[in-house]
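Student: I should like to examine how the descriptive terms applied to this structure are justified. May we take them one at a time, setting each value against its criterion?

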Amino acid sequence: MSQGPRSGLAAVSSALLAMSRHLEVRDVLKTIVASARELLDAQYAALGVPDDHGGFAQFVVDGVSDAQWKAIGPLPRQHGILAAMLHEDLPERLADVRKDPRFEGWPAAHPEMSDFLGLPIRDGDEVIGALFLANKNCPKPEGSCGFTRDDEELLSILAQHAAIALTNARLYERSRELTITEERSRLAHELHDAVSQKLFSLRLTAQAAAALVDRDPSRAKGELHQVATLAAEAADELRAAVVELRPAALDEDGLVATLRTQIQVLDRAHTARVTFASSRFRALPAAQEEALLRVAQEALHNALRHSGAQHVDVALGRRGCGALLRVTDDGSGFDPHSVRRAGRHLGLVSMRDRASGVGGTLRVQSAPGKGTTIELEVPGG
């Protein structure tokens, strides 16, 4: 008998840890649903997040195949039992959901469900979602519900922690949106400075070439070559900024391809040699990959704009179940402690925040005249 409670506690602990491990809202929802179905040994589980228009902003299921889900059709509306979970405080435990007077039917491809357990997920007075379980995997006498009062209490505990995990994920996403806005502002400022300088030089060189055309054609030809060089550099600066402003490439192309593309552009746009190498890297959850990308961008920005480096090397590889990013330059370096005391951060605060946000570790090695190495190690999903 002693094994039962211990194994049950371990299962609850695993479910709660799994929920707290993710930062993306969609990942959190999927983990909550999968944990609830496994923990209560149900055939089906679902979680709905309501919108303000009588429907669901998100509706995640577990136990239903992709083909089944596609055949079921559009997301459900807030009606019947689903609406009850969103507007009532109490859990619902039913022997047969189809016999409840609020039941309004299912789409043709919907799997058959009988016994049912559902309850709202609340953040204070606000209902932020509802959990639904159906078809308990156990013997059920005719007319009885497989889900017990203990199941109800267990799901209630899970829902309380789900509310915390979901709220934290939403706060993280809002914080990330603000960070992206700040980064876009920084990039716009850099773009203005860098390209304006190039265009100003281009204008002066073109004027010099025009003045030399008649009296010194040979020198004028040289100035025109310089015009072409400056125009190409300005175009590369623009391309580099556009690449940084397009985070969607991370979802479409993956981290390795996105980093490689950005580094190729930066290598062409700057006099420093910028290289990239990756080995045995495997895909990670979206939050980890974005942290790796943003830290790489910040470290590259510091190396190319402030350090006077001639070589910058970026390496990305597997580290256990996670990944290790290393950005190394041979620039002027700095004393990290002095920088902190002087109130200058060189993006270190932002990088450390990104690292801690995904449970990672940031290491900075630098000294005046010794170059800089920045490492970010993140765990697997």
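Student: What makes the contact between Glu 377 and Arg 363 a salt bridge?

Tutor: In this predicted model, the closest N and O atoms of Glu 377 and Arg 363 are 3.2 Å apart. A salt bridge requires a side-chain nitrogen of Lys or Arg within 4 Å of a carboxyl oxygen of Asp or Glu; therefore the pair qualifies. The two residues belong to distant parts of the chain, with Glu 377 in strand E10 and Arg 363 in strand E9, 14 residues apart.

Student: Why is Glu 377 called partly exposed?

Tutor: Its relative accessible area is 24%. Buried means under 20% and exposed means over 50%, so Glu 377 falls in between.

Student: Which residues are joined with this pair into one network of salt bridges?

Tutor: Through shared partners, Arg 319, Arg 326, Arg 363, Glu 375 and Glu 377 form one network. Within it, Arg 363 also meets Glu 375, at 3.1 Å from N to O. Glu 375 lies in strand E10 and Arg 363 in strand E9, twelve residues apart.

Student: Are Glu 375 and Arg 363 buried or partly exposed, and why?

Tutor: Glu 375 has a relative accessible area of 11%, which is under the 20% limit, so Glu 375 is buried. Arg 363 stands at 28%, between the two limits, and therefore counts as partly exposed.

Student: How many salt bridges does the structure hold, and what makes Arg 98 and Asp 96 one such pair?

Tutor: The structure holds 14 salt bridges. The side chains of Arg 98 and Asp 96 meet at 2.9 Å, N to O, and this value is within the 4 Å cut-off. Arg 98, at 35% relative accessibility, counts as partly exposed, whereas Asp 96, at 17%, counts as buried.

Student: Which residue in the loop between strands E3 and E4 is in contact with both Asp 96 and Arg 98?

Tutor: Ser 114 is found in that loop. Leaving aside neighbours within four places in sequence, Ser 114 is in contact with Leu 94, Ala 95, Asp 96, Val 97, Arg 98 and Asn 135.

Student: What makes the approach of Ser 114 to Asp 115 a polar contact?

Tutor: Their side chains come to 3.2 Å, and the limit for a polar contact is 3.5 Å. Residues adjacent in sequence count only if both atoms are side-chain atoms; the contact here is between the two side chains, so it is counted.

Student: Why are E6 and E9 called edge strands?

Tutor: The open sheet has five strands in the order E6-E7-E8-E10-E9, with mixed pairing. E6 and E9 each pair on one side only. The twist averages 10 degrees from one strand to the next.

Student: How do you know that E8 and E10 are paired?

Tutor: They are joined over seven bridges in the antiparallel sense. Pairing needs at least two bridges, so the criterion is met. Val 327 stands opposite Ile 374 in E10. H11 packs on the sheet, touching E9 and E10, and its direction makes about 150 degrees with that of E9.

Student: Which residues have the most contacts inside the largest nonpolar core?

Tutor: They are Leu 292, Leu 316 and Leu 325, in a core of 37 residues. The largest share, ten residues, comes from H9. Apart from this core lies another of 28 residues, among them Leu 39, Leu 131, Leu 155 and Leu 158.

How values were computed:
Residues numbered from 1 in each chain as written. Predicted model: local features only at pLDDT ≥ 70, side-chain atom pairs only at ≥ 80, totals over all residues. Heavy atoms only, no water. Core = buried A, V, L, I, M, F, W, Y, C linked by side-chain atoms within 4.5 Å. Buried < 20%, exposed > 50% of the residue type's maximum accessible area, 1.4 Å probe, protein only. Helix = DSSP H or I, 4+ residues; strand = E, 2+ residues; numbered from the N terminus. Polar contact = N/O pair within 3.5 Å; in protein donor to acceptor, adjacent residues only side chain to side chain. Contact = heavy atoms within 4.5 Å. Axes fitted to C-alpha atoms, helices over the stretch in contact; angles between N-to-C directions.
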